[in-house]
Amino acid sequence: MKNLKHNTTSVVSINYHIIWCPKYRRNVLVGSVETRLKELLPELAEESGCTIDTMEVMPDHIHIFLKGTPTIPIHLIVKNLKGKSSRILRAEFPSLRKRLPCLWTRSYYCETIGCINEETIKKYIENQKFN
């Protein structure tokens, strides 16, 4: 089993697909803003004890595949990523402050991702009593 995190009391594999958008879904994640965002987000994720496995920045939204930790809830990880990246990008790119009251929308999409699909897990649980 690859991609497992080990500590003294647990073995975990916590993966998230996260998506969020700029305010008003504006096409502002382009050029040097996109480049800087791609530098910032892995650093900010590491601060939370997480790693970004894959990331794609589109002009009006971002997709992240993040490997998490059980000690920090996903809402705090996303809050950290969005809050700090907004503060830094708006300071470095004044044009973002002119176009938007804040960089990101308040919402985000998050889905947990595992290496075993839902149907396999359900069958495994259902068959436990018979083994």
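## Tour stop one: two helices that cross

Start by selecting α1 and α2 in this predicted model: their axes come within 10 Å and cross at roughly 140°. That angle makes α1 oblique to α2, because the antiparallel label is kept for angles over 145 degrees. Look at the handedness while you are here: α1 passes α2 in a right-handed crossing.

Now show side chains at the contact. On the α1 side, pick Val-33, Arg-36, Leu-37, Leu-40, Leu-41, Leu-44, Ala-45 and Glu-47. Facing them from α2 are Asn-80, Leu-81, Lys-84, Ser-85, Ile-88, Leu-89 and Glu-92. Colour this set by class and you should get nine nonpolar, two polar and four charged residues.

**Next: the sheet**

Hide the helices for a moment and select β3, β4, β5 and β6. What order do the four strands of this open sheet take? Reading across, the order is β4-β5-β3-β6, and the pairing is antiparallel. The edges are β4, residues 51-58, and β6, residues 109-113, each of which pairs on one side only. Turn the view to follow the twist, which averages 15° from one strand to the next.

Zoom in on β4 and its partner β5, residues 61-67: seven bridges join the two, and they run antiparallel. For a landmark in this pair, label Ile-52, which stands opposite Leu-66 in β5.

**Bring the helices back**

With the sheet still on screen, which strands does each helix lie on or touch? Show α1, residues 31-47, and you will find it lying across β3 (15-20), β4 and β5. Its direction runs at about 155° to β4. Then add α2, residues 74-92, which also packs on the sheet and touches β3, β5 and β6. Compare directions here with β3 as your reference: α2 makes about 45° with it.

**Last stop: the whole chain**

Zoom out and colour by secondary structure. The chain has four helices and six strands. Walking from the N terminus, you pass the elements as β-β-β-α-β-β-α-α-β-α. How spread out is the chain next to a compact globule? Its radius of gyration is 18 Å, well over the 14 Å that the globule rule gives for 131 residues, so the chain is more spread out than a compact globule. To frame it, draw a box along the principal axes: the C-alpha atoms fill roughly 65 × 30 × 20 Å.

How values were computed: Residues are numbered from 1 along each chain as its sequence is written. This is a predicted model: local features need pLDDT of at least 70, side-chain atom pairs count only at pLDDT 80 or more; totals for chains, interfaces and linings use all residues. Side-chain values use heavy atoms; hydrogens and water are left out. Two strands pair if DSSP finds at least two bridges between them. Axes are lines fitted to C-alpha atoms, for helices over the stretch in contact, and angles run from 0 to 180 degrees between N-to-C directions. Contact means heavy atoms within 4.5 Å. Angles under 35 degrees count as roughly parallel, over 145 as roughly antiparallel, 65 to 115 as roughly perpendicular and the rest as oblique. A crossing is left-handed if the near helix is turned anticlockwise from the far one by less than a right angle, and right-handed if clockwise. Ala, Val, Leu, Ile, Met, Phe, Trp, Tyr, Cys and Pro count as nonpolar, Asp, Glu, Lys and Arg as charged, and the others, Gly among them, as polar. The radius of gyration is taken over C-alpha atoms; the globule rule is 2.2 Å times the number of residues to the power 0.38.
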